[in-house]
There are 4 protein chains.
Amino acid sequence: MLKPTPKIGVAILGATGMVGQRFVQLLADHPWFEIVAVAASEGSAGRRYGDACRWGLSMQMPGSVRDMEVQACLPGLPGRIVFSALPSSVAGTVEEDFAREGYAVFSNAGSHRMDPDVPLLIPEVNPSHLDMVNAQGANRGWPESHGGFIVAEPNCSTAILTLALKPLHDCFGLQQVMVTTMQALSGAGYPGVAGLDILDNVVPYIADEEEKVSTEPCKILGEWDEEGALLRPADIAISAACNRVATRDGHLEIVSVALGREASPADVISALREFTGLPQHLGCPTAPVPPIVVSDAPDRPQPRLDRDAGGGMAVVVGRVRRCQVLDIKFVLLGHNTFRGAAGASVLNAELAIAQGVVR
Amino acid sequence: MLKPTPKIGVAILGATGMVGQRFVQLLADHPWFEIVAVAASEGSAGRRYGDACRWGLSMQMPGSVRDMEVQACLPGLPGRIVFSALPSSVAGTVEEDFAREGYAVFSNAGSHRMDPDVPLLIPEVNPSHLDMVNAQGANRGWPESHGGFIVAEPNCSTAILTLALKPLHDCFGLQQVMVTTMQALSGAGYPGVAGLDILDNVVPYIADEEEKVSTEPCKILGEWDEEGALLRPADIAISAACNRVATRDGHLEIVSVALGREASPADVISALREFTGLPQHLGCPTAPVPPIVVSDAPDRPQPRLDRDAGGGMAVVVGRVRRCQVLDIKFVLLGHNTFRGAAGASVLNAELAIAQGVVR
Amino acid sequence: MLKPTPKIGVAILGATGMVGQRFVQLLADHPWFEIVAVAASEGSAGRRYGDACRWGLSMQMPGSVRDMEVQACLPGLPGRIVFSALPSSVAGTVEEDFAREGYAVFSNAGSHRMDPDVPLLIPEVNPSHLDMVNAQGANRGWPESHGGFIVAEPNCSTAILTLALKPLHDCFGLQQVMVTTMQALSGAGYPGVAGLDILDNVVPYIADEEEKVSTEPCKILGEWDEEGALLRPADIAISAACNRVATRDGHLEIVSVALGREASPADVISALREFTGLPQHLGCPTAPVPPIVVSDAPDRPQPRLDRDAGGGMAVVVGRVRRCQVLDIKFVLLGHNTFRGAAGASVLNAELAIAQGVVR
Amino acid sequence: MLKPTPKIGVAILGATGMVGQRFVQLLADHPWFEIVAVAASEGSAGRRYGDACRWGLSMQMPGSVRDMEVQACLPGLPGRIVFSALPSSVAGTVEEDFAREGYAVFSNAGSHRMDPDVPLLIPEVNPSHLDMVNAQGANRGWPESHGGFIVAEPNCSTAILTLALKPLHDCFGLQQVMVTTMQALSGAGYPGVAGLDILDNVVPYIADEEEKVSTEPCKILGEWDEEGALLRPADIAISAACNRVATRDGHLEIVSVALGREASPADVISALREFTGLPQHLGCPTAPVPPIVVSDAPDRPQPRLDRDAGGGMAVVVGRVRRCQVLDIKFVLLGHNTFRGAAGASVLNAELAIAQGVVR
């Protein structure tokens, strides 16, 4: 298996937040990468990471990062690769600044997801879209020689959903998707949702989430026309209803689909179970095997019991059965800060390394 | 307004459980009814209600009931009306025994809901179905003169859903319904769901619930052909996905509908807001005015904030908007132990009194 | 019973926050008072109360307040009485400004609690301390004729604790108190504690709380020497450990006490049960009867079941038993936003009216 | 370091329950032990472990155990060592049956804890008490040659508390202890506490718990007089108040102590930090290094963040400060199903192996 020697230096932008901490957790002992810089907002820059960061994970903060000085989010950081956990309000410009200067930027933010020259990447689903980065420099007037680019990962609910939809789209042709999400608190960042708002409660609304879940999968499942350098979005009607519930981690999604070809629940289960992807084939260290776990239990997946499947990178499907309105319905779960956030970008970077896209 | 004088004596079967306690709460100061007997299982019979019952409501146990002796669930109890909060495992036979002996039985149990001669009653939705009781005695070979009968109320999720569907069915013709529920702990009775199973978790399965929600609304929204003494179920395809979440009371339902006629969100909101029912017209004391509350807030209804609307008897609708797959989607909430259980049967009994069906 | 006619106009400062909302709830239909102004911070001033306030109570916002225009927190507001739910950061100056201008200020804030000329009032415990207000004007150089003053209520945990300690101090002489609190989320205001911090967790620290609970009761239980215009604090050693738990409302306190005289658990129960206070005698409308409820159940009080005792104004004691280290231990519960906040100030104002202190 | 070769076969009694599952988790890859039998009640015996057990841990069930046939809890099981996670109602007799037949029984049950010839063992605290097993056979009339015995572990709250008290007792002389616990749901087994009882609530009572916490530490901290074969309990007055809170794992304890010698918080912190024990010295694989972690953070330990310290086997102390009533107070946390249950017995067995007590 490929293993870069020496390790590749990476910087984390927004390293003190919820997703930034997951990046630290995932990258601290990564076989390919080495954290060489942690950066955050003005208020944190100049402080020791261990002091600037309100660590909220139950595993201990890695010692190698604790004493690093937090840097400002400006090009000039060491490392060739930048992982961005910046809030969308600032990510747009900052990420572009880094890419222009030649960094490979793997972003968790929403800012560039729907840009026509930015791949919205899930390595198991649309690895060929990675080619889209080749045109970014020319499109945006960046100095060509630098070779920097931006790769976006989808919204957390989308990332989980689209991974499960991929084999159904390939095998049976997806036409319609209805999804109701029950999303975990960590998806809203820190401090995020007030305890008073979620204890003994559900909040049936998450700002902008339904729009993202309705549109992003069509881009991800779209076809990349390399000749025309054009992405043709998939023609799937998606209706999403997004809710916040009192779980810590793990987005649960109730999904119904209409398919282009007749398929029984057993057919769907087979398609899900047999599915694998390029990062598994290439041996990317963060790629879960299998990427989709199918449970036979009558009452699974459940967030607390199943969110850590495949190190938080697999999604778990259960209760596959006929839908009385569309064709098939099922329950889907994924870990929102691994598969839905930091882990997704790390896997994107691994694919880019393995495919030789990062120079 | 009608007000029976003196009050009508009522007995509560299964009076010590969760739903039984709500019956006690609702009937203790009811303007028409007076609790004359509380009955429960063998283990409780003979004990003082205050001792036999593990009272779980935050309001105090009504003093008038505290010292009553718990009776066995056998005909011979005082009162003409019986409210049944029995578990389905025993309700079938016991309720029939009481009806045969001339009691008007208003049941919260599932046992007789789909019997062809038992009305599955929501007073605002299908009051005419109450006529079905007239044939029960003959059908079942009961002594005719006694006049006893059984009226069933729907499953809790169904009761809430169908009340909101009624104006849509009337105004636009319902064709398809997709519903994902997030149901409260009290819906599972006591002790019900273990704390360990629901803390930081969602359980995406409730035994038999999806079948009930898929079939009961068609009976309720069906047409009663008085001539032929025949109920024609409504022809609506309903797909339900039922989940247990960490809320105490209040079932939240995410609903999408396909309609027979074009309707904008504004049309749907008008239909919901303008809806009223026979029990409101008749002044039944438990009938909420209005029966359906429509919220304009972007993030409502929420269980903790909205479950007590209309004394727990109104349902609250919010977020009415277009659905990308069906036609219209919205968020719906109702109190599962009021509108979905004890309150539903009390309102059924009030309608039966007001319509002269209880003799 | 005394009933001022017409009602006395009152203003609420900080009316849009958690405690401010409880003031609105308590005062909207108060038999003596009428809300004539709601005031809040710059950001809210000028807006309609219904728009400026993120209403978080399950009861509906009173219609009479919904359309009021939120005012700035400056003297000149209508009304003779001002209830202050301001944050401590601004309460100090603002409350003094109002008092100087002749308003009777009843404050929920911590700013003036330990001022030597401000009574820290619990009407059942130390009504005579109300006389302390007479010297405030002279002390502070306010224009004498105006008659304004400040009355403080204790910290929420203190208010609940000290009410229960009062009969023990009177009957047996309190010497030492150990208290461990388990405090509700609403005590931290809104948004307060993050959902991520409290789900599946306890936070064993609340800033400054232990100091307040250790010192305030000694002032409240102290003796007011009217001649010398001097308050002699009670000589009681109090050790507090304060924790935040995942409850919405209701502070639970585990208390052990060392007493000056031998007392059995039965003696203590009698003292608690027989206790009553001046506001009960005077018929103050917010005074609970009895102020202290003693439960015989082996596992009570519990926040969810007992916090609403006496309309949230009674405290509930249970599990009175011998302590192996001090003398007696017991479990104590009170509603932190009624008895511990808004209700406390309303009762303070009622006492001041009934005693003729408000002119 | 000692490492038995080949591994020692062990059986788990009560293997399907909450604590039994933790035994399976801890022993599945244990360097010294190998699970050779899983046993449970009649209802489970004869079934496959994977079918009989409602696995409630987020880690996957170890594959090596999944297909084992569950046995009845009767002597004759393979293995020399038996771990008992039986309920106290049956543990007394069953454990004695196994010991009589020559098994070394390490029990999590309460049945034999206070037996005068059974060591109540915490390897870091009272390893010398292990000698007590030598007299068990003679005392109880068991066939001498067999060499079986029973070693008990303390109640979960006691185990955590006493480990932290040990260095204080050694260094300063413990005289009085006041402890208020906030205990996790997993301590009550499965299904244990109903979701309805603990959501938005605290239950200030756990049956028999306070008695255990008040008495067991005196036995554990007592002196074993080998000559007289007599255990002299420590003379410490302990008052406990035990509460159930809505956490999954991790018992939090608020502790105040009176000491025989003057000690500052800094002295106490030093004593705690410097403490180590025999199992650490012997290199027992389950022994945490250090056994007591002291946190400097103002708001720690917290259950969610700190319960996994030392693999769940360390206890974490924070907020060491002066007590206004006794001498020193602090916050203490330990994992109730590791240090307080399964892990404790595994460590007991490791000590017994390392000391040559298991023959």
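**Exercise 1. Determine whether the length of helix H6 of chain C agrees with its number of residues, and describe the helix further.**

Solution. The model is a predicted one. Helix H6 of chain C covers residues 156–172, which makes 17 residues. The rise to use is 1.5 Å a residue, and the expected span is 1.5 Å times one less than the number of residues. The helix should therefore span 24 Å, and since its end C-alpha atoms lie 25 Å apart, the two values agree.

Next, consider the course of the helix. H6(C) has a kink of about 35 degrees at C:Leu165. The proline C:Pro167 follows shortly after this kink. Just after H6(C), C:Gly173 adopts a positive phi of about 75 degrees.

Finally, consider the surroundings. A residue counts as buried if 20 or more other C-beta atoms lie within 10 Å of its own. In H6(C), 15 of the 17 residues are buried, so the helix is largely enclosed by the rest of the structure.

**Exercise 2. Identify which residues touch the most other members of the largest nonpolar core, and list contacts of C:Ile12.**

Solution. The largest nonpolar core holds 491 residues. Within it, A:Ile12, B:Ile12, C:Ile12 and D:Ile12 touch the most other members. For C:Ile12, neighbours within four places in sequence are set aside. The contacts of C:Ile12 are then C:Gly20, C:Phe23, C:Val24, C:Ile35, C:Val38, C:Ala39, C:Phe83 and C:Ala85.

**Exercise 3. Establish how chains A and B are related, and characterise their contact.**

Solution. Begin with the superposition. Chain B is brought onto chain A by a rotation of 180 degrees with 0.0 Å of shift along the axis, at an RMSD of 0.0 Å. The two copies are thus related as by a two-fold rotation axis.

Then count the contact: chain B gives 34 residues and chain A gives 34 residues. On the side of chain B that touches chain A, the elements giving two or more residues include strand S7 (174–183), strand S11 (251–259) and helix H11 (303–306) of chain B. S10(B) gives the most, with five residues. By class, this side of chain B has 18 nonpolar, 10 polar and six charged residues.

Last, compare the surfaces. Because 100% of the interface residues of chain B are also interface residues in chain A, the copies meet through the same surface.

**Exercise 4. State how many residues of chain D are in contact with chain C, and which element gives the largest share.**

Solution. In this contact, 34 residues of chain D meet 34 residues of chain C. The largest share of the side of chain D that touches chain C comes from S10(D), with five residues. That side has 18 nonpolar, 10 polar and six charged residues.

Methods. Residues numbered from 1 in each chain as written. Chains lettered and ligands numbered in written order. Predicted model: local features only at pLDDT ≥ 70, side-chain atom pairs only at ≥ 80, totals over all residues. Least-squares fit on C-alpha atoms with pLDDT ≥ 70 in both. Contact = placed C-beta atoms within 7 Å. Core = buried A, V, L, I, M, F, W, Y, C linked by C-beta atoms within 7 Å. Buried ≥ 20, exposed ≤ 12 C-beta atoms within 10 Å, placed from the backbone. Helix = DSSP H or I, 4+ residues; strand = E, 2+ residues; numbered from the N terminus. Nonpolar A, V, L, I, M, F, W, Y, C, P; charged D, E, K, R; others polar. Bend = angle between axes of the 7 residues up to and from the residue.
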